[in-house]
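Reader: I am new to this structure and would like to understand how its descriptive words are earned. Could we go through them one at a time, setting each value against its cut-off?

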Amino acid sequence: MIEKTVSAGIITRYFEKLNDCLDLDVAIVGGGPSGIIAAYYLAKAGLKVAQFDRKLSPGGGMWGGAMMFNEIVFQEEALEIVKEMDINYTPYTDNLYTMDSVESTAALLYRAVHAGAKIFNCYSVEDVVYKEDKVSGVVVNWTPVLREGMHVDPLNIMAKCVIDGTGHDSEICQVVAKKNGATLNTSTGGVVGERSLDVVTGEKMVVEGTKEIYPGLYVCGMASSAVYGTPRMGPIFGGMMMSGKKVADMIIEKLKK
């Protein structure tokens, strides 16, 4: 009967996809724009990459623009990325452009998946696989399981590289530092915490702070601002996009050697 076949199709294909992602080149934690762009460029380069986001709708804060005014701003330096993603944009002023936040987020997600990245929504990463002083994977569970406080064991997913794209909370870096006594590549050896808003400095430093923070663990987007103690930049997304491309380029160079 077709009712059974519908269910069987969903279950079969889903678990084929999940089983294929138990051993990855790159695991990306967090579904914001920086991580999505990283997923696109990594998949485009032929790497096996999966992105895990706790929400039903990946995309982070990009969907809502600023204060739910669904337009976003980006600067000239990110224009080539926007063009590659085939997003409509409009010149505004002073080297700035605007684009519709809903179209932009949808386009990034489509491009990443179409390039070959797998995106798992409703997944929370509660821990990392930590072996021989290196981050070697992620530990995942259903978001509703954690929200309900149910004691259900997670699953393990191995990865050559892990990207912390969890935004302001920099959750994966926090876990690595606190649970393992690891010294991160920061001024304090831990997560410094982001500073108050400064658009120019924030945009510059979010890209500069995109790097390998610990063996096997990279940081991008707002997570890099939080880890290194640099300012937030508010609803301007050029730095976020450039951070995603930079972290992808770094990992591609490392894994393609």
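Reader: To begin, why does Cys-122 count as partly exposed?

Author: This is a predicted model, and in it Cys-122 has a relative accessibility of 23%. Buried means under 20% and exposed means over 50%, with partly exposed in between, so at 23% Cys-122 counts as partly exposed. Cys-122 lies in the loop between E6 and strand E7 (123-131).

Reader: What is the phi of Cys-122?

Author: Cys-122 has a positive phi of about 65 degrees, although Cys-122 is not a glycine. Most residues other than glycine have a negative phi.

Reader: Which residue in the loop between E7 and strand E8 (134-142) can be set beside that one?

Author: Asp-133 is found in that loop, and its phi is near 60 degrees, again a positive value in a residue other than glycine.

Reader: Why does Asp-133 count as exposed?

Author: The cut-off for exposed is over 50% relative accessible area, and Asp-133 has 51% relative accessibility, so Asp-133 counts as exposed.

Reader: Turning to the helices, what makes H2 oblique to H9?

Author: Helix H2 (residues 33-44) and helix H9 (residues 238-255) pack at an angle of about 40 degrees, and their axes are 7 Å apart. Angles under 35 degrees count as roughly parallel and those from 65 to 115 as roughly perpendicular, while an angle in neither of these ranges and not over 145 is oblique; the angle of about 40 degrees therefore makes H2 oblique to H9. The crossing in which H2 passes H9 is right-handed.

Reader: Which residues make that contact?

Author: On the H2 side the contact is made by Pro-33, Ser-34, Ile-37, Ala-38, Tyr-41 and Leu-42, and on the H9 side the residues include Met-240, Ser-243, Gly-244, Val-247 and Ile-251. Sorted by class, the contact of H2 with H9 has eleven nonpolar, three polar and one charged residues.

Reader: How do you know that Ser-34 counts as buried?

Author: Ser-34, which lies in helix H2, has 3% relative accessibility, and since buried means under 20%, Ser-34 counts as buried. Not counting residues up to four places away in sequence, Ser-34 touches Cys-220, Gly-221, Met-240, Ser-243 and Gly-244.

Reader: Why are H2 and H4 called roughly parallel to each other?

Author: H2 and H4 pack at an angle of about 25 degrees, with their axes 8 Å apart, and because angles under 35 degrees count as roughly parallel, H2 and H4 are roughly parallel to each other. Their crossing is left-handed. The contact is made by Pro-33, Ile-36, Ile-37, Ala-39, Tyr-40, Ala-43 and Lys-44 of H2, together with Leu-108, Leu-109, Arg-111, Ala-112 and Ala-115 of H4. These residues divide into ten nonpolar, no polar and two charged.

Reader: How do you know that the span of H4 agrees with what is expected?

Author: H4 has 15 residues, which at 1.5 Å a residue should span 21 Å, the expected span being 1.5 Å times one less than the number of residues. The end C-alpha atoms of H4 are 21 Å apart, so the two values agree.

Reader: What do the buried residues of H4 pack against?

Author: They pack against H2, strand E3 (71-75), strand E5 (96-100) and strand E6 (118-121). Among the buried residues of H4 are Ser-101, Ser-104, Leu-108 and Ala-112.

Reader: Why does Ser-101 count as buried?

Author: Its relative accessibility is 0%, and buried means under 20%, so Ser-101 counts as buried. Leaving aside neighbours within four places in sequence, Ser-101 is in contact with residues including Met-62, Trp-63, Asn-70 and Ile-72.

Reader: What makes H7 and H9 roughly parallel to each other?

Author: Helix H7 (residues 199-208) and H9 pack at an angle of about 10 degrees, with their axes 8 Å apart, and since roughly parallel requires an angle under 35 degrees, H7 and H9 are roughly parallel to each other. In H7, Glu-203, Val-206, Val-207 and Glu-208 meet residues of H9 that include Met-240, Met-242 and Lys-246. By class, the contact of H7 with H9 has four nonpolar, three polar and three charged residues.

Key
Residues numbered from 1 in each chain as written. Predicted model: local features only at pLDDT ≥ 70, side-chain atom pairs only at ≥ 80, totals over all residues. Heavy atoms only, no water. Axes fitted to C-alpha atoms, helices over the stretch in contact; angles between N-to-C directions. Helix = DSSP H or I, 4+ residues; strand = E, 2+ residues; numbered from the N terminus. Left-handed = near helix turned anticlockwise from the far one by under 90°. Contact = heavy atoms within 4.5 Å. Nonpolar A, V, L, I, M, F, W, Y, C, P; charged D, E, K, R; others polar. Buried < 20%, exposed > 50% of the residue type's maximum accessible area, 1.4 Å probe, protein only.
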